[in-house]
Amino acid sequence: MPSTETQPAASTLDFIFRDLPSPFGPSSDDAIPVWPIDQESYPDWVAQQEPLWQKWASSSDFTAAKNTILLLPDTQGEIAGVILGLGQNNGLEADPWPYASLAKKLPAGLYYIDAPLSEQAAFHAGLGWALSSYRFTHYKENDPQKARLVLPRPEQAENILALAAGTQLTRDLVNLPTEDMGPDTLGDVSEHIAAEYGAQITQIIGDDLLAAGYRTIHTVGRAAAKASRLIDITWGRSDAPKVTLVGKGVCFDTGGLDLKPSSAMRNMKKDMGGAAHVLGLATAIMRTGLDIRLRVLIPAVENNISGNAFRPGDIIRTYKGLTVEIGNTDAEGRLILCDALTLADEEQPELMLDFATLTGAARVALGADIPPFFTDDHQLAADLANHAAAQADPVWRLPLYGPYAEQLDSPIADLCNVSDSSFAGAITAALYLKNFVEKTPSWVHFDVFAWNMADRPGRPKGGEAMGLRSVYALLCERYKS
Ligand code: BES
Ligand code: ZN
Ligand code: ZN
């Protein structure tokens, strides 16, 4: 019997929308300086210090190697300053991770960076600090980050905190196991976010999907215990430029009757990673109030098996009217996405972006850290590449190579959901989606992994937002009022 004194665990929604202490603190005379120093300049720097620190430095084996720190004492034994080792070359401009590593190692206290940082370096410092404070604590406690930072450029707080909040949401949603993050909870989370930012939301649930013509969404999810749904959020003034986000919300992917082997199924709670990305991105957008008319569409299902599961060989009439033959029930993401993309395409947004954990082939091509993206809009591709470099949030363009589309031909339906070939699986998946985007002038599809395979400072093992910062930066550049 559970003890009556046991506190009930926080509800999943209470956990997701928990209040966290800020990783940042106000500027103060008591703040402890941090000196970022590379290996080359370190000996000269030491030589200029008072004898106590020279002695301290020489009795430590610190060499300013990358991501190492040295705490420097005052005569009372308190921390008077910290050296952040930058290694061989000055990695300050490059990425947020040295600062994530620093934040993780420092004892409790308020710190400031005592160095002239460029705008970009200052942004990385704040972001690294904020991202390293993330903990997934719904089922097990984890020591919070105790060191706080005086933001080098306080005017960057809004964007940094928006990205940190969006990333945290994406990570939480992916990390939550399917039992607590089914299509119903994804709907509840969306309702909560919509209410918080004054957005409109509708949900089409269960058999209502059939009545409304979203047969692919209904069919993929019909064997699951929890009903499928199409979540539709709209926010912003109605005559602002229309930007639509679409996210794959497969809360668990067993593969369906084409069942995945256990090793491939193990992590498939993360198959709603696309939905998690668009909700995280939407949060950042609404928080900072970009001047767009934002729409977020999430088809949310569980791809499971039961007597009524859809089968290989079945043919579904999509919302668009095209018939699709099921070559493999494990290629379910593109099925639910195609109906959502058709709906999104109806109102011809200026820009449409979809995020999906769509193929294993994307990982074979680019590995776990770099999501491929697909678009016919060369300007958008170039802008994305630039923002990806500046944000240290890599994405890489792969081609929507038209001639491969014939691999999706079916003799008895308008198209098949898979190719017979095992080559170029990420491209053929993207080409499948392309059939459903006709009117939208600019569309980009991201095939995201949504997962860190190992712990790194600022990037804990588990759910991860990928490409979110690059896209947010692009949207800010285009639409910040
Ligand atoms: N959710 C998977 C893709 C996936 C697998 C993403 C592992 C990230 C990590 C998707 O639904 C799927 O199963 N795709 C198949 C497609 C195939 C049947 C054409 C795949 O990639 O094997
Ligand atoms: Zn699948
Ligand atoms: Zn899937």
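Select A392 first. This residue is in the loop between α14 (378–391) and β15. The model is a predicted one, and the backbone here is worth displaying: A392 has a positive phi of about 55° although it is not a glycine. Most residues other than glycine have a negative phi. Is A392 buried or exposed? At a relative accessibility of 19% A392 counts as buried, because the cut-off for buried is under 20%.

Now go to A64, another alanine. A64 is not a glycine either, yet its phi is positive, at about 65°. Its place is the loop between α3 (51–59) and β2 (69–73). A64 counts as buried because its relative accessibility is 0%.

Next, select Y401. The loop that holds Y401 runs between β15 (396–397) and β16 (415–416). With a relative accessible area of 41%, Y401 is partly exposed. Which residues does Y401 touch, leaving aside its neighbours within four places in sequence? They are I427 and L431. To see a long separation, add E179 to the selection: Y401 and E179 are 222 residues apart in sequence, and their C-alpha atoms are 39 Å apart in space.

**The zinc ions**

Select the zinc ion (ligand 3) and show its surroundings. K248 (NZ), D253 (OD), D271 (OD) and E332 (OE) coordinate this ion at 2.0 to 2.5 Å. Along the chain these donor residues follow the spacing K-x4-D-x17-D-x60-E. What is the arrangement around the zinc ion (ligand 3)? Six donor atoms subtend angles of 77 to 174° there, so the arrangement is octahedral. D253 belongs to strand β9 (residues 249–253), whereas D271 is in the loop between α10 (262–265) and α11 (273–288), so the pair ties together parts that are 18 residues apart in sequence. Both D253 and D271 are buried.

Keep D253 selected and add the zinc ion (ligand 2). D253 bridges the two zinc ions, ligand 2 and ligand 3, which lie 3.2 Å apart.

Which protein atoms are the donors of the zinc ion (ligand 2)? They are D253 (OD), D330 (O), D330 (OD) and E332 (OE), at 2.0 to 2.2 Å from the ion. Note that D330 appears with both O and OD in that set. The donors of this ion are spaced D-x76-D-x1-E along the chain. Around the zinc ion (ligand 2) the six donor atoms subtend angles of 72 to 168°, so the arrangement is irregular. Colour the donors by accessibility: D330 is partly exposed, with a relative accessible area of 23%, while E332 is buried, at 0%.

**Threonine 329**

From D330, select T329. T329 is in the loop between β12 (323–325) and α12 (333–346). A relative accessibility of 0% means that T329 counts as buried. Show what surrounds this residue. Leaving aside neighbours within four places in sequence, T329 is in contact with G255, G256, L257, D258, N303, F310, R311 and P312. One of these, G255, has its backbone oxygen 2.7 Å from a polar atom of the T329 side chain. How far apart in space are T329 and L259, C-alpha to C-alpha? The distance is 8.2 Å, although the two residues are 70 residues apart in sequence.

**Aromatic rings**

Now display the aromatic side chains. The structure holds 10 aromatic pairs. One of them is formed by F136 and Y139, whose ring centres are 5.9 Å apart and whose planes make an angle of 55°, a tilted pair. F136 is partly exposed, with a relative accessible area of 24%. Y139 is partly exposed too, with a relative accessible area of 45%. Add F15 to the selection: F15, F136 and Y139 form one aromatic cluster.

Stay on F15 and add R18. The charged end of R18 sits over the F15 ring, 3.9 Å from the ring centre.

For the last stop, select F449 and K270. K270 lies over the face of F449, and its distance from the ring centre is 4.1 Å.

Notes
Residues are numbered from 1 along each chain as its sequence is written. Chains are lettered from A and ligands numbered from 1 in the order in which they are written. This is a predicted model: local features need pLDDT of at least 70, side-chain atom pairs count only at pLDDT 80 or more; totals for chains, interfaces and linings use all residues. Side-chain values use heavy atoms; hydrogens and water are left out. Helices (H or I, at least four residues) and strands (E, at least two) are DSSP runs, numbered from the N terminus. Buried means under 20% relative accessible area, exposed over 50%, partly exposed in between (1.4 Å probe, protein chains only). Contact means heavy atoms within 4.5 Å. A polar contact is a pair of N or O atoms within 3.5 Å; within protein, one must be able to donate a hydrogen and the other to accept it, and residues adjacent in sequence count only if both atoms are side-chain atoms. Rings of Phe, Tyr and Trp (its six-membered ring) pair if their centres lie within 6.5 Å; planes under 30 degrees apart count as stacked, over 60 as edge-to-face and the rest as tilted. A charge sits over a ring if NZ of Lys or CZ of Arg is within 6 Å of the ring centre and within 35 degrees of the ring normal. Donors are N, O and S atoms within 2.8 Å of the metal (3.2 Å for Na, K and Ca); water is not among the atoms, so sites may look incomplete. Four donors count as tetrahedral if all angles lie between 85 and 135 degrees; four count as square planar and six as octahedral if opposite donors are over 155 degrees apart and all others between 65 and 115; anything else is irregular.
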